[in-house]
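Reader: Please show me the chain, and then let us go through its fold by question and answer.

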Amino acid sequence: FKGGDTCEYLLSSGRFLGEKVWQPHSCMMHKYKNSEAKNCLIDKHVVFIGDSRIRQLFYSFVKLINPQVKEEGNKHGNIPFEDKSASIKVDFLWYPEVNGSMRQRIKSWTEGSVAKPHIIVAGAATWSIKIHNGSNEGLTQYKINITSIAPLLEKLARSSDVYWVLQDPVYEDMLSDSRKMITNEKIDAYNEAAVRILNSSSRNSKAKVKLFSVSKLIAQETIMKSADGLHLPESSRDTNAMILMNVYCNKIMKPIDGSCCQPQPPLTLIQKLAFCFFTFSIIGYLIISLIHRNTSRKNKPCTDLESGEEKKPAISTPNVSTLEMLLHSFCKLGLIMTYFYLCDRANLFMKENKFYTHSSFFIPIVYVLVLGVFYTENTKETKVLNREQTDEWKGWMQLVILIYHISGASTFLPVYMHIRVLVAAYLFQTGYGHFSYFWIKGDFGVYRVCQVLFRLNFLVVVLCIVMDRPYQFYYFVPLVSVWFMIIYATLAVWPQIVQKKANGHCLWHLGLLLKLVCLLTCIYFLSYSQGAFERIFSFWPLSKCFELNGNVYEWWFRWKLDRYVVFHGMLFAFIYLALQKRQMISEGKGDPLFSSRVSNVLLFISIVSFLTYSIWASSCKNKTECNELHPSVSVVQILAFILIRNIPGYVRSVYSSFFAWFGRISLELFICQYHIWLAADTKGVLVLIPGYPVFNVLVSTFIFVCVAHEISQITNDLAQIVVPQDSSALLKRLLGLAGFFSGLLLFSAAQEQSRR
């Protein structure tokens with residue numbers, strides 16, 4: 001870690017990802033929209049002063065504000081631009097040489113009578129080379145002129161942002177005869193003079209003129225596509241304009257995916273309290289460990305020298321296991337959360353933008369799937385969707401989703417649609433698993449509800465506190481939590497219908513189906529009534545949990561996207577358990593699920609359905625239209641997969657222990673990736689080892705998986721302590737948690753008030 005300012009990196013270094021995507025060194029660049037550019041530059045005056053190359057940069061910059069602007073007007077004259085709606089003025093001033101005229105214009109801005117521009121972008125040299133025919137006298141005069149301008153630029157830099165654009169290389173083979181004297185050797189000499197003089201001047205001043213040298217690197221890769229060998233192609237100058245916008249606007253707009261030039265956010269009151277809590281937990285654990293160790297030493301059996309037998313200690317070892325486990329868990333969690341904070345809130349580690357290529361997605365997918373096949377083992381039971389099989393299913397889906405996220409494959413619509421099916425399959429398992437538990441066990445006690453909600457939400461609540469993010473930001477956990485409560489309410493509400501009761505009379509099955517129909521009706525109504533949905537979740541304190549950016553639209557969109565699949569999971573569980581009870585399916589080891597003929601027909605239909613959905617998803621042209629159809633058709637591929645995986649007996653009898661291992665920590669993997677594998681809240685990629693992308697992914701992945709596994713263990717340990725089976729103890733814990741969340745909401749409200 002070099003410890004430099006990310007603004008310096010943005011202005012001076014980077015590389016191309018593919019042909020047109022520029023990646024600054026160590027930080028992420030935001031792609032500004034017209035509305036964002038206007039909001040940033042409102043009431044601002046920007047001036048570009050220089051030659052035809054600066055004029056090109058001026059037009060690219062203006063098009064970020066208004067894409068309809070055309071490159072018209074006098075090429076060798078001043079060009080004004082004004083956006084009256086946002087009170088933005090951007091001017092190009094034609095000064096092709098660094099001479100007395102340019103000096104006089106810059107000097108006028110340093111005097112009180114003329115308003116200073118907020119941003120000044122200057123640069124020139126090629127005309128000096130051309131007029132003086134590349135002579136040394138011309139270079140000497142350039143040095144004299146820029147030396148006289150440097151103090152004025154430094155004076156302006158005290159109140160304005162001043163950038164000096166270094167000269168881009170030329171493509172000498174394409175230059176016209178009148179420009180043949182403009183060589184890269186001469187350009188390098190002029191750039192060297194400008195850098196030396198401006199840096200020397202800045203050392204004697206608090207203010208600093210920023211050198212825009214990154215344009216040279218961009219030009220080295222793209223100048224051969226130039227139309228005349230001198231001026232950059234449009235895509236390159238657009239990149240330069242976007243870099244300028246990031247340098248100035250990131251600290252104002254604070255975009256999540258624009259980490260360049262953004263200061264580290266200050267610690268909130270809640271974050272400070274969390275830091276104190278984890279610090280005291282670590283200290284407390286160390287003290288108790290030392291006391292426990294010293295007590296163990298004192299009570300260690302000693303040998304009687306006369307008889308040679310061990311004497312037992314008179315005092316028994318004190319029982320501190322529960323307290324020690326609690327502090328030990330919080331101690332580990334505190335260290336892990338420190339790593340989270342350093343990775344994605346402190347400007348310590350580098351972050352880079354994602355860049356999608358087919359190979360970056362499909363090669364890891366093939367590798368992981370082949371690896372999973374090598375860890376095939378026999379299942380303990382051969383039932384449909386047994387525990388090993390569901391863990392395996394969650395595992396390979398989670399690995400595919402992780403690869404999807406780190407490779408930026410959401411830009412490729414066919415992949416996006418298939419990943420949507422995987423997310424739907426998680427929710428399908430939520431409906432299937434919880435319905436099966438309540439239907440078979442009939443356990444609607446508070447203990448079960450608290451256990452499930454604690455295991456689902458513990459990590460997310462901690463991250464909301466430590467990373468200063470809203471609960472809805474980790475959208476998947478609110479989604480499965482709400483669906484769990486909907487499943488619970490559907491089955492727990494009077495009349496409670498469970499398998500034991502339904503076996504007594506078939507009418508109870510009809511009653512349950514009526515409940516499911518009512519649930520489906522409510523889902524259908526809420527999905528097409530955004531107003532009703534938003535009213536339900538706009539009541540305080542629900543609004544605090546489900547709002548994102550001040551409204552619940554994002555929550556409605558996420559819920560609506562997979563609105564039917566949980567119901568499908570519940571219905572599938574009901575039908576499967578009914579068939580199983582009536583012994584209409586065969587689940588013996590190696591036996592097909594149905595008779596040979598029925599199995600073959602269903603298998604054929606499943607394969608055709610699976611492929612048909614994939615063909616449809618691959619032919620999608622519009623994400624909005626496909627998202628509208630997705631809730632109704634995603635179940636086709638899910639059911640097809642279940643039947644393909646379970647109809648053949650030999651396939652149902654084996655599973656991949658590799659995938660199952662990841663499946664058991666799938667929730668932790670999904671949440672942890674936000675901050676310690678990806679970066680900038682999933683918008684970018686964390687860089688621990690710059691310059692070696694493959695090695696970086698290997699190292700960050702190893703740490704990420706270890707952390708997810710450790711958090712899973714911590715959650716399981718704390719669940720036993722925080723959610724006890726004893727009713728009176730559980731009630732006390734619930735009252736304590738209610739007090740904790742009340743305090744959290746009050747602190748959160750106070751924070752929002754102070755920010756305003």
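**Confidence and fold**

Author: In the protein chain, confidence is highest in helix α26 (residues 657-663), at 98, and lowest in strand β10 (residues 310-311), at a mean of 44. Confidence here is pLDDT, the predictor's value for each residue, from 0 to 100. Helices (H or I, at least four residues) and strands (E, at least two) are DSSP runs, numbered from the N terminus. This is a predicted model: local features need pLDDT of at least 70, side-chain atom pairs count only at pLDDT 80 or more, and totals for chains, interfaces and linings use all residues. Residues are numbered from 1 along each chain as its sequence is written, and side-chain values use heavy atoms, with hydrogens and water left out.

Reader: Over which residues is the pLDDT below 50?

Author: The mean pLDDT of the protein chain is 91, and 95% of its residues reach 70 or more. Where pLDDT is low, the predicted coordinates should not be read in detail. One stretch has 17 contacts (heavy atoms within 4.5 Å) beyond near neighbours in sequence. Its pLDDT is below 50, over residues 302-319.

Reader: What is the strand order in the open sheet of six strands?

Author: Strands pair if DSSP finds at least two bridges between them. The edge strands, each paired on one side only, are β4 (79-83) and β8 (210-212). Pairing in this sheet is mixed. The order is β4-β5-β3-β6-β7-β8.

Reader: Which residue in β8 stands opposite Val165?

Author: Strand β7 (residues 161-165) pairs with β8 in the parallel sense. Three bridges join β7 and β8. Opposite Val165 in β8 stands Phe212.

Reader: At what angle does helix α3 run to β5?

Author: Angles run from 0 to 180 degrees between N-to-C directions, and axes are lines fitted to C-alpha atoms, for helices over the stretch in contact. Helix α3 (residues 52-65) lies across β3 (45-50), β4, β5 (88-94), β6 (119-123) and β7. Its angle to β5 is about 165 degrees.

Reader: How do the residues in the contact of α13 with α14 divide by class?

Author: The axes of helix α13 (residues 387-407) and helix α14 (residues 413-441) come within 10 Å and cross at roughly 145 degrees. Contact residues include Trp393 and Trp396 of α13, and Tyr426 and Phe428 of α14. Ala, Val, Leu, Ile, Met, Phe, Trp, Tyr, Cys and Pro count as nonpolar, Asp, Glu, Lys and Arg as charged, and the others, Gly among them, as polar. The contact has 14 nonpolar, three polar and one charged residues.

Reader: Why is one side of β11 and of β14 left without a neighbour in the sheet?

Author: Three strands form an open antiparallel sheet in the order β11-β15-β14. β11 (350-353) and β14 (678-679) stand at the edges, so one side of each is left without a neighbour, as each has a single partner strand.

Reader: Which residue takes a positive phi in the hairpin of β1 and β2?

Author: Strands β1 (residues 14-17) and β2 (residues 21-24) pair in the antiparallel sense over four bridges. Three residues lie between the strands. The positive phi, near 75 degrees, belongs to Gly18.

Reader: What is omega for the peptide bond from Trp494 to Pro495?

Author: Pro495 is in the loop between α16 (476-492) and α17 (499-502). The bond from Trp494 to Pro495 is cis, with omega near -10 degrees.
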